[in-house]
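Subject: Structure handover

Hello,

Here is the structure for you to look through. My notes on what turned up in it follow below.

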Amino acid sequence: MFKTLSHFLTEKYTNLGNRSNLKNREYFAVFSGRFQPFHVNHERVFRWMESKFGKDNSFIVTSNRKKVGNPLTIMEKVKIISTMFSIPKTKVIFGALPY
C-alpha cells in the first residue's frame, strides 16, 4: 500500500554522500497537509516545488485521519490528486500526523 514517511525517507535517502561537501548533498521537498480536499492552489505549490527541487525530489505527505472536518481518507485524497491533477500516486506518502 503506501509507504510511511519515515520508511520512505530511510529507503530513499540513507546514502546522502559526504555531508561536509554541499555539492554532494541531495535535496528534496515535502508538502505536508490535510488536503481536505486537495485543490488548485495546492497543485500550484506542488508544481513550484517540482520546478525548484525536481520531479524526482518532490512529494506530498498526508495522513489518514478521518473525522469531522477531515472527511476524506488517504485513498480518496490519492484518487483526487492523481485523477484531477495528474500527479502520480507514487508522489503521495502516508504520514501519521503530518500537520
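A patch, as the word is used here, is made of residues with over 30% relative accessible area and no salt bridge, and nonpolar side chains are joined into one when they are within 5 Å. Please keep in mind that this is a predicted model, so everything below is computed from predicted coordinates.

Which residues make a nonpolar patch on the surface? They are Tyr27, Trp48 and Phe53, and the patch covers about 340 Å². Trp48 belongs to helix H2, which runs over residues 40-53. Its relative accessible area is 49%. Partly exposed covers values between 20% and 50%, so Trp48 falls in that class.

Next, the overall layout. The protein chain has 3 helices and 3 strands, and along the sequence they follow the pattern α-β-α-β-α-β. The chain has 99 residues, of which 35% count as buried. Its accessible surface comes to about 6400 Å², with 57% of that belonging to carbon and sulfur atoms. Among the contacts with a separation of 6 or more, 72% are between residues 24 or more positions apart.

Now the charged side chains. Side chains of opposite charge can pair when their charged atoms come close. How many salt bridges does a search of the whole structure find? The search finds 2.

One of these joins the side chains of Glu43 and Arg47, at 3.4 Å from N to O. Glu43 and Arg47 are 4 residues apart in helix H2, so about one helical turn separates them. The side chains of Arg47 and Glu50 also meet in a salt bridge, at 3.2 Å from N to O. Here the two residues are 3 apart in helix H2, and again the separation is about one helical turn. Through the shared partners of these salt bridges, Glu43, Arg47 and Glu50 form one network.

Is Glu50 buried or exposed? Glu50 has a relative accessible area of 9%. The limit for buried is under 20%, and therefore Glu50 counts as buried. Arg47, at 29% relative accessibility, counts as partly exposed.

When you open the model, you could start at helix H2, residues 40-53, where Trp48 lies. The salt-bridge pair Glu43 and Arg47 is in helix H2, and so is the pair Arg47 and Glu50.

Regards

Technical notes: Residues numbered from 1 in each chain as written. Predicted model: local features only at pLDDT ≥ 70, side-chain atom pairs only at ≥ 80, totals over all residues. Heavy atoms only, no water. Patch = residues over 30% accessible without salt bridge, like charges linked within 9 Å, V, L, I, M, F, W, Y side chains within 5 Å. Areas by Shrake-Rupley, 256 points an atom, 1.4 Å probe, with all protein chains shown as cover. Salt bridge = Lys/Arg side-chain N within 4 Å of Asp/Glu carboxyl O. Buried < 20%, exposed > 50% of the residue type's maximum accessible area, 1.4 Å probe, protein only. Contact = heavy atoms within 4.5 Å.
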